[in-house]
Every structure is written in structure tokens, then in C-alpha cells.
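The following exercises concern a single protein chain. Each task is followed by a solution that proceeds step by step.

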Amino acid sequence: MNNTRLYSPHPFCWRPAGGERHATTERPGEGQTFTALCGLVAEADLSEIGWFFATCGACNARAHELAAVPMPSAPDASGAREC
Ligand SMILES: [Zn+2]
């Protein structure tokens, strides 16, 4: 049995940066530069407000792949919303 990943069930974590929450395989602290799964290079914003940023769509899709969790089906793939 392999317990080396006991404290990291998934190979990525979420960090607010640049107005969105991005997933990354790094573990950046406040103000540290990291590369997100979507390719964005940004500084981690660990302020309280940062955790309310919207989730980056590209990172979300990649994170679901890494976690082997299927994405919920989107009602409208075009991104257009009527409300
Ligand atoms: Zn992203």
C-alpha cells in the first residue's frame, strides 16, 4: 500500500490569482508566483476575498481530468447565459 500521498489526495491545489481561482500542481504561498494548469503565470492571492473569485474554467476542466472526476455536463457549451 502506498501512503506517500496521504496528505495530498489530488496532485494539485487551488490558488486565487488575477481575479480567478486557478488550480496548480505547485504549493505557492501568499504573493508567490506559480504556473496554473491553464498556463497562466500569476501571484497567489491568499487574501480572504480571493477565495470568492470565480473558478477558472480551463483549470477546472484540467483538475477534473487529474482527479479522474467527470465534468458535470454543461447546459450550454457556448458560454452564453440568459439571465
Ligand atoms: Zn486557470
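**Exercise 1. The setting of strand 2**

Strand 2 is largely enclosed by the rest of the structure, because 5 of the 5 residues of this strand are buried. The model is a predicted one.

Task: determine which residues of strand 2 lie on each of its faces, and state whether these faces are covered.

Solution. Step 1: take one side of strand 2, where E20, H22 and T24 are found, and note that they are buried. Step 2: turn to the other side, which holds R21 and A23, likewise buried. Step 3: conclude that both faces of strand 2 are covered.

**Exercise 2. The sheet**

Task: establish the strand order of the open sheet, and identify the sense in which strand 2 pairs with strand 1 and with strand 5.

Solution. Step 1: recall that the strands of a sheet pair through backbone hydrogen bonds, in either a parallel or an antiparallel manner. Step 2: strand 1 and strand 2 (residues 20-24) are antiparallel and share 5 bridges. Within this pairing, C13 has T24 as its bridge partner, while A17 has E20. Step 3: between strand 1 and strand 2 the hairpin has 2 residues, and G18 adopts a positive phi near 60° there. Step 4: strand 2 and strand 5 pair in the parallel sense, over 2 bridges; here the bridge partner of E20 is A54 in strand 5. Step 5: the open sheet of 3 strands therefore has the order 1-2-5 with mixed pairing, and strand 1 (13-17) and strand 5 (54-55) stand at its edges, so that each, having a single partner strand, keeps one side without a neighbour in the sheet.

**Exercise 3. The nonpolar core**

Task: list the residues of the largest nonpolar core and describe the contacts of A36.

Solution. Step 1: in soluble globular proteins, nonpolar side chains tend to be buried together. Step 2: the largest nonpolar core consists of 5 residues, namely A23, A36, C56, C59 and A63. Step 3: leaving aside residues up to four places away in sequence, A36 touches H22, A23, T24, A42, C56 and C59. Step 4: for the whole protein, 16% of the 83 residues are buried.

**Exercise 4. Two loop residues**

Task: locate L37 and E48, and decide whether each is buried, partly exposed or exposed.

Solution. Step 1: L37 lies in the loop between strand 3 (33-35) and strand 4 (41-43). Because L37 has 19 C-beta neighbours inside 10 Å, it counts as partly exposed; a buried residue would need 20 or more. Step 2: beyond residues up to four places away in sequence, L37 has contacts that include F12, H22, C59 and R62. The C-alpha atoms of L37 and F12 are 8.7 Å apart, although 25 residues separate the two in sequence. Step 3: E48 occupies the loop between strand 4 and strand 5. With 7 C-beta neighbours inside 10 Å, E48 counts as exposed. Step 4: E48 and P16 are 32 residues apart along the chain, and their C-alpha atoms are separated by 9.7 Å.

**Exercise 5. The chain as a whole**

Task: give the order of the elements from the N terminus on, and state what share of the contacts joins residues 24 or more positions apart.

Solution. Step 1: the protein has 1 helix and 5 strands. Step 2: from the N terminus, these elements run β-β-β-β-β-α. Step 3: among contacts with a separation of 6 or more, 40% join residues 24 or more positions apart.

Key:
Residues numbered from 1 in each chain as written. Predicted model: local features only at pLDDT ≥ 70, side-chain atom pairs only at ≥ 80, totals over all residues. Pairing = 2+ DSSP bridges. Helix = DSSP H or I, 4+ residues; strand = E, 2+ residues; numbered from the N terminus. Core = buried A, V, L, I, M, F, W, Y, C linked by C-beta atoms within 7 Å. Buried ≥ 20, exposed ≤ 12 C-beta atoms within 10 Å, placed from the backbone. Contact = placed C-beta atoms within 7 Å.
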